[in-house]
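Hi,

Here is the structure I said I would pass on. Have a look at it first, and then read on for what turned up.

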Amino acid sequence: MIKGMNSLNKIIEKMKPTFSEGGKLSFLHSTFEAFESFLFVPGTVTRKGTHVKDAVDLKRVMIMVVIALVPCLLFGIWNTGYQHNLAFGLGWGFWQMVWYGIVKIVPLYLVSYIVGLGIEFASAQMRGHQVNEGYLVSGMLIPLIVPIDVPLWMLAIAVAFAVIIGKEVFGGTGMNIWNPALLCRAFLFFSYPSKMSGDTVWTGGLTRFLNEGTAYASGNGLVDGFSGATPLVHAGEGIQSLNAANISFMDLFVGNVGGAVGETSVIAILIGAVILIWTGVASWKIMVSSVVGALAVGFLANALATDATPYLQLPAYYHLVLGGFAFGTVFMATDPVTSAQTETGKFIYGFFIGALTVTVRLFNPGYMEGMMLAILLMNTFAPLIDHYVVEASINRRMKRVKTA
């Protein structure tokens, strides 16, 4: 293995002059450097001053997030096939469901990375900058939060919008205001609401069946008792509606329910959360405060609930396992670029994300999810939160100095 990597390194070193300044292909220097840094640690060093010295660079942080997302992806692959099998009563075995999930999800990843990285490379070439590794995570996230049956051309447009408007116009990775993956989902939601309303379960083949009135991939119709409504829609009608649909808290926790590919299994998401917290990549303060904010609004709603408002009777803790709350809290809200930077600000930022999510769910029946809008809104206000946290700290110090 080591000999093979050494041989590959020698080949790259021989090719480097061709892509360096003065070489025949110097205009592709950024692209060559991106592939080189992906395979090997860059040989560049700090020339002035001093920097924090750490073995972890941006590439390794991004890869750690990708690794943390793998449990959600693996479960999502199986669940995609399972939901299709359940909807049409096909009687498939485990591997048939897994294969169906792979066939449906791989094209989403191909579009996500081909379009996104294509724009990243083109932008780096035009500016003469290095290719940033940030899209490794965004490209992994996007297929996990969009409908499994979204048309690929639609996804391509949304990815292009997210990368160009969400990242490149601000200067690339580390300069963006909003989370690019969520911006992609927001673009789909506002441009193609029929695909992103969240009113129906995202099941491969189900859209075609409902639109044409014919079974998809089999001679059978939908099985008796199958509901096209998402758990969130049932939850909006109260706990009784969830019970009537045979959706238990454990079903929502395990994740064998309909929804976006990576958002259904809280178990898989918690595995990712442990990885991110253990490696120090994501802030536990944002995660915990988001949960506290959701529970605070949820318990308040329970206290104010009456027979005339059954949607307020849903136990507060159900919001933690419904929709994209857990996934958003762990992987989206904690984005180190778009979240609050101060330690106190992280608590405030996370609390409002959780509180806003549940508020939207309870009082805006036109859009039951809430998590996407809550995170994007708090992305916008994160710098303001940090500003006032810093100002408050300075004022406290000034008072201590004056009284000393």
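Before the details, one cut-off you'll need: a residue is called buried when its relative accessible area is under 20%, exposed when it is over 50%, and partly exposed in between. Also keep in mind that this is a predicted model.

First, the overall picture. The protein has 17 helices and zero strands. Of its 404 residues, 47% are buried. If you take the contacts with a separation of 6 or more, 72% of them join residues 24 or more positions apart. About 20,100 Å² of the protein is exposed, and carbon and sulfur atoms supply 67% of that area.

Now the inside. The largest nonpolar core has 93 residues, and Leu155, Phe327, Phe331 and Tyr349 have the most contacts inside it. As a general point, nonpolar side chains in soluble globular proteins tend to be buried together. Helix 15, residues 325-332, is a good place to look: eight of its eight residues are buried. Phe327 and Phe331 are on that list of buried residues, which also includes Gly328 and Thr329. If you click on Phe327 and skip its neighbours within four places in sequence, you'll find it in contact with Leu69, Cys72, Leu141, Leu144, Ile145, Gly262, Glu263, Ile269 and Met332.

One of those contacts, Glu263, comes up again in the salt bridges. There are four of these in the structure. Glu263 pairs with Arg185, with 2.7 Å from N to O. Glu263 is in the loop between helix 12 and helix 13, while Arg185 is in helix 7, so the pair links parts of the chain 78 residues apart. Both of these residues are buried.

Another one to check is Glu120 with Lys167, where the closest N and O atoms are 2.6 Å apart. Here too the partners come from distant parts of the chain: Glu120 sits in helix 4 and Lys167 in the loop between helix 6 and helix 7, 47 residues apart. Are these two charged residues buried or exposed? Glu120 counts as buried because its relative accessibility is 4%, and Lys167 counts as buried because its value is 2%.

Helix 16 has a more local example. Lys346 forms a salt bridge with Glu343, the closest N and O atoms being 3.3 Å apart. The two lie three residues apart in that helix, about one turn. That spacing fits a general rule: an α-helix has 3.6 residues a turn, so residues three or four places apart point the same way. Lys346 counts as buried because its relative accessibility is 16%, whereas Glu343, at 40%, counts as partly exposed. Lys285 joins Glu343 and Lys346 in a network of salt bridges.

Last, the outside. Ile277, Trp284, Val288, Val292, Phe347, Ile348, Phe351 and Phe352 make a nonpolar surface patch of about 660 Å². Helix 14 (284-304) and helix 16 (343-363) each give two or more residues to the patch, and the largest share, four residues, comes from helix 16. Phe351 is found in helix 16, and Phe351 counts as partly exposed because its relative accessibility is 32%.

If you only have a few minutes, I'd start with helix 15 and its buried residues, then turn to the patch that includes Phe351.

Cheers

Terms used. Residues are numbered from 1 along each chain as its sequence is written. This is a predicted model: local features need pLDDT of at least 70, side-chain atom pairs count only at pLDDT 80 or more; totals for chains, interfaces and linings use all residues. Side-chain values use heavy atoms; hydrogens and water are left out. Buried means under 20% relative accessible area, exposed over 50%, partly exposed in between (1.4 Å probe, protein chains only). Contact means heavy atoms within 4.5 Å. Accessible areas come from the Shrake-Rupley method with a 1.4 Å probe; for residues, only the protein chains shown count as cover. A nonpolar core is a set of buried Ala, Val, Leu, Ile, Met, Phe, Trp, Tyr and Cys residues joined through side-chain atoms within 4.5 Å. Patches are made of residues with over 30% relative accessible area and no salt bridge: like charges are joined within 9 Å, nonpolar side chains (Val, Leu, Ile, Met, Phe, Trp, Tyr) within 5 Å. A salt bridge is a side-chain nitrogen of Lys or Arg within 4 Å of a carboxyl oxygen of Asp or Glu.
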